[in-house]
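These are my notebook entries from a first look through a structure that is new to me. I put down what I looked up, one topic at a time.

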Amino acid sequence: MPNCNIMESFVDRLKHFKIVRKLVYVLVGSFSYPGLTIINRLKISGTENFSNLPNRNVLFVSNHQTYFADVITFLHIFCAVKWGKKNKLGFPYYLLNPYTRVYFVSAEETMRKSLLTRLFALAGALTVKRGWLAKNESEKRKGLNTGDTRQIARALENNWVITFPQGTTKPFAPGRKGTALIIKQTKPIVVPVVISGFWRAFDKKGLKFKKKGTMLSVRFKEPLNIDYEASTEVILAQLMDSIEQSKEWMMKGAHHWKQVHSSS
């Protein structure tokens, strides 16, 4: 166990070295690019909202459809934008000098499942314990623990951070208050992102193709106007509505009506 902890600590330190992260970006980016732009089709919109963003204390908040394909796509887009691309990836020459001032929040157990996931963790994973994976219903979704909150806050000090407030790929799942708490504490610029098509194109992990030729959509919205003094409940409700995962959005969508008709 002590040796295991030493190894985990060493691997965790590696991701803070720029050269290590650049190498991981090149490897992961090279292998994933065809799946996003050739085998499937990627539609990007809203990157014009990046023009006035600082290089620090920006939190991208998104719905979640696969474990890895979502994040990998975001990293491609951020690199492309930093190379002057607008709403497209184009030829991936941006991998020659990728933009690595990005971290992403991911479940600890997910990033430890295989050598491949451990490699991807070096791209900038902020691993958190899933406090909502509890044995009884009353303990579910209690949010992030103090240590997890601190490491995300530290990452925001000099970087962009991607987070998925639902913490699961299940559509319209409730959000976690931990995300709202981080926003209250760090007062970041919050950019909502709405993605679609990934669940159809990839398996749950986002590493294998399920349906080729799928339209993948990533839509960046304008930064939210947040009252940082508001309660976590109010901020969380605003987040969930902005990423179109609130109850109101569920009632609007075909997802709701299919359920109604199937149960009647």
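Which residue lies over the face of Tyr103? I looked this up before anything else, keeping in mind that the model is predicted, and found that Arg21 lies there, at 4.3 Å from the ring centre. I then noted another charge placed over a ring, where the charged end of Lys252 sits over the ring of Trp249, 4.3 Å from its centre.

**Entry on the nonpolar cores**

I turned next to the largest nonpolar core, which has 48 residues, and I listed the members that touch the most others: Phe60, Phe78, Phe120, Trp160, Ile162, Val218 and Phe220. When I asked which element gives this core its largest share, I found helix 3, residues 69-82, with 10 residues. Apart from this core lies another, of 21 residues, and I wrote down Leu59, Tyr103, Ile152 and Leu156 as being among them. As a general note to myself, nonpolar side chains tend to be buried together in soluble globular proteins.

I also followed Phe120 on its own and, leaving aside its neighbours within four places in sequence, I found it in contact with Val24, Val28, Phe68, Val71, Ile72, Leu75, Phe104 and Met111.

**Entry on the aromatic rings**

How many aromatic pairs does the structure hold? I found 19 of them, and I looked at two that share Phe220. Phe50 and Phe220 form an edge-to-face pair, with 4.9 Å from centre to centre and 80° between the planes. Phe50 lies in the loop between strand 1 (41-45) and strand 2 (58-62), while Phe220 lies in strand 7 (residues 215-220), so this pair ties together parts that are 170 residues apart in sequence. Both Phe50 and Phe220 are buried.

For the rings of Phe60 and Phe220 I noted centres 6.1 Å apart and planes at 85°, so this pair is edge-to-face. Because Phe60 lies in strand 2 and Phe220 in strand 7, the pair ties together parts that are 160 residues apart in sequence. Phe60 is buried, as is Phe220. I closed this entry with the cluster that ring pairs make by linking Phe50, Phe60, Phe74, Phe78, Tyr99, Trp160, Phe164 and Phe220.

**Entry on helix 7**

Which residues of helix 7 (residues 177-186) are buried? My list has Gly178, Thr179, Ala180, Ile182, Ile183 and Thr186. Looking for what covers these buried residues, I found that the cover includes strand 2, helix 6 (146-156), strand 5 (160-163), strand 6 (189-196) and helix 9 (232-242). Just after helix 7, I noted that Lys187 takes a positive phi of about 50°.

**Entry on the cavities**

I found 3 cavities of 30 Å³ or more in the structure, and I followed the second largest, which has a volume of about 90 Å³. It is lined by 13 residues, and the closest to its centre are Tyr25, Gly29, Ile72, Leu75 and His76. Helix 2 (18-37) and helix 3 are the elements that give two or more residues to this lining, and the largest share, 5 residues, comes from helix 2.

**Entry on Ser106**

Is Ser106 buried or exposed? I first placed Ser106 in strand 3, residues 102-107. Its relative accessible area is 11%, which is under the 20% cut-off, so Ser106 is buried. Leaving aside its neighbours within four places in sequence, I found Ser106 in contact with Met111, Leu126, Thr127 and Val128.

Note on methods:
Residues are numbered from 1 along each chain as its sequence is written. This is a predicted model: local features need pLDDT of at least 70, side-chain atom pairs count only at pLDDT 80 or more; totals for chains, interfaces and linings use all residues. Side-chain values use heavy atoms; hydrogens and water are left out. A nonpolar core is a set of buried Ala, Val, Leu, Ile, Met, Phe, Trp, Tyr and Cys residues joined through side-chain atoms within 4.5 Å. Buried means under 20% relative accessible area, exposed over 50%, partly exposed in between (1.4 Å probe, protein chains only). Helices (H or I, at least four residues) and strands (E, at least two) are DSSP runs, numbered from the N terminus. Contact means heavy atoms within 4.5 Å. Rings of Phe, Tyr and Trp (its six-membered ring) pair if their centres lie within 6.5 Å; planes under 30 degrees apart count as stacked, over 60 as edge-to-face and the rest as tilted. A charge sits over a ring if NZ of Lys or CZ of Arg is within 6 Å of the ring centre and within 35 degrees of the ring normal. On a 1 Å grid over the protein atoms alone, a cavity is a set of points where a 1.4 Å probe fits but cannot get out, and a pocket is an open set with protein on both sides within 12 Å along at least five of seven lines; lining residues have an atom within 4 Å of a point. Grid points are joined across faces, edges and corners, and a volume is the space filled by probe spheres set on the points.
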